[in-house]
Amino acid sequence: MDSLEQPTSTPSPPPPPQQLFSRAAVAASCGGFVLIGALQALYGPSIPALRDTYGLSPSAAGMGLSAHFIGAVAGVLVFDRLFGRIGNRRLLGWSYLLMAGGAAGFAFAPAWPVALGLALLAGLGFGGIDYGLNQLFAVGFGRRSAAMLNILNAHFGIGAVLGPALIGLVGSAHYPAVFLGFAALTLPLLLCLAGVRDEAPPRGGDTGVSEDTAADTGARPRVRARSLATVLGAFVVLYVLHVGIESGVGGWEPTHLEAIGYGATAAASATSAFWLMMTVGRFLVAPLALRWSAQTIIAVSCAGMTGCLLLAAIPAAAPYAYAGAGLFIAPIFPTGLPWLLRAAPRAHRAGALVMAASMVGGVAAPPALGKAIELAGVRAVPLILCAISAVCLITTGWLIRAASPSVLPTSSPRPTSPSSDEPAPAERTS
């Protein structure tokens, strides 16, 4: 069959992807990401007050964030299991209520074990919101999905900056009021869920074409020559390692800068600049994602991240290089999700697997990096992170060859011509 020949029976085109969210729902989703970013960032600055309130050791006080992440992983898996069986509004609504209830309860828990249970409950809602909105944005905006995901996740960064700043303003002793305030701000978002289309759109990189139709037109996933598990494993590696680099820079940059001669204030300011550049980078990439493919953006990001971390080994350049690394890290997480769904169209739980693994990696990476730094010395921090970043770059190059694009252009349900330069229809949704 000629590659441009169209099937005799053309399936109905999918509805416009913009119908998945109203404008108010998009704005509310961005507000929700501000809140989950702030909630995750509140635990660390609250540790001094938590130690005083419950008589905890530093390691025990740090368990609050660990409980939050355990709940978040469970939230991702639960939301994924229920996705398509329960309407989007109910799933998101329950997630918001769980997060609000857990955060409010954590603020006034009578004992530390109870507080840990409530932190886990808040994390459960956090994971549902994080995965649910990322998943819906990944399939709900067609060719604009990568851009919209970058904007959505940039608001997470805004919250991650605002949360600690607010704790610093009012003092850690007043952490209950801050947790309670963010819980209260979650409730108005429930009113905007009416603007979310309740039917779950197909996942797994759905192109709007059934498998039978794809077979008739000669369309085949390019990944058929390789194990789907291998492709998914490569995405897991990319996500776990880049999240590990993100948490590694955030956790070890101040120590490294102080070790090479910078003052504590300068080191803290440089670390804040790293997180700020991650937020700015996602806003900057949003318009670029409308012109460049996801794989191109991620390849450039991994290359830039590797170069910046190598440059950070030079003391005079280190603060600026770390800020540059934040700029390049920024697009990888949100831009990779649409690419994942196109590269593994038959792996319905690919997004949940990758997001859950990245959360686990974010928790496991700091201790692992700490052991490596203990052996190599603090001055080796940027070189260790650079080596990890190089693995991300190599993995991205392999994925570009193995799994992109996932579906040949002949599977398009709309008429095409030899002169068309439209992107592959895998970015369309139904």
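Start by selecting T396, which sits in helix α16 (residues 381-403). Helices here are DSSP runs of H or I with at least four residues, strands are runs of E with at least two, and both are numbered from the N terminus. You are looking at a predicted model, in which local features need pLDDT of at least 70 and side-chain atom pairs count only at pLDDT 80 or more, while totals for chains, interfaces and linings use all residues. Residues are numbered from 1 along each chain as its sequence is written, and side-chain values use heavy atoms, with hydrogens and water left out.

Is T396 buried or exposed? T396 is buried, at a relative accessible area of 0%. Buried means under 20% relative accessible area, exposed means over 50%, and partly exposed lies in between (1.4 Å probe, protein chains only). Now show what surrounds T396: leaving aside neighbours within four places in sequence, T396 is in contact with L238, Q295, I298, A299, C302 and W339. Contact means heavy atoms within 4.5 Å.

Keep C302 on screen and add C392. The sulfur of C392 has its closest cysteine sulfur in C302, 5.3 Å away, which is too far for a bond. C392 is buried, at 0% relative accessibility. A disulfide is a pair of cysteine sulfur atoms within 2.5 Å, and a search of the whole structure finds zero of them. Another cysteine to click on is C30, which counts as buried at 9% relative accessibility.

Next, select Y43 and F179. Their rings form an edge-to-face aromatic pair, 5.4 Å centre to centre with 65 degrees between the planes. Y43 lies in the loop between α1 (23-42) and α2 (47-54) and F179 in helix α8 (residues 175-186), so the pair ties together parts that are 136 residues apart in sequence. For such pairs, rings of Phe, Tyr and Trp (its six-membered ring) must have centres within 6.5 Å; planes under 30 degrees apart count as stacked, over 60 as edge-to-face and the rest as tilted. Y43 is buried at 3% relative accessible area, and F179 is buried at 0%. Add Y54, F106, W112 and Y175 to your selection, and you have a cluster linked by ring pairs together with Y43 and F179. Across the whole structure, a search finds 16 aromatic pairs.

Now move to the surface and pick W94, L97 and L187, which make a nonpolar patch of about 290 Å². Patches are made of residues with over 30% relative accessible area and no salt bridge, joining like charges within 9 Å and nonpolar side chains (Val, Leu, Ile, Met, Phe, Trp, Tyr) within 5 Å. L97 is in helix α5 (residues 88-107), and W94 is in helix α5 too. W94 is partly exposed at 39% relative accessible area, and L97 is partly exposed at 44%. Try a distance line from W94 to L190: their C-alpha atoms are separated by 9.3 Å, although the two are 96 residues apart along the chain.

For the last close-up, select K371 and E374. How far apart are the closest N and O atoms of this salt bridge? They are 3.8 Å apart. A salt bridge is a side-chain nitrogen of Lys or Arg within 4 Å of a carboxyl oxygen of Asp or Glu, and the count comes to one. Both residues lie in helix α15 (residues 350-376), three residues apart, about one turn of the helix.

Finally, zoom out: the protein has 16 helices and zero strands, and buried residues make up 52% of its 430 residues.

Definitions and conventions. Areas by Shrake-Rupley, 256 points an atom, 1.4 Å probe, with all protein chains shown as cover.
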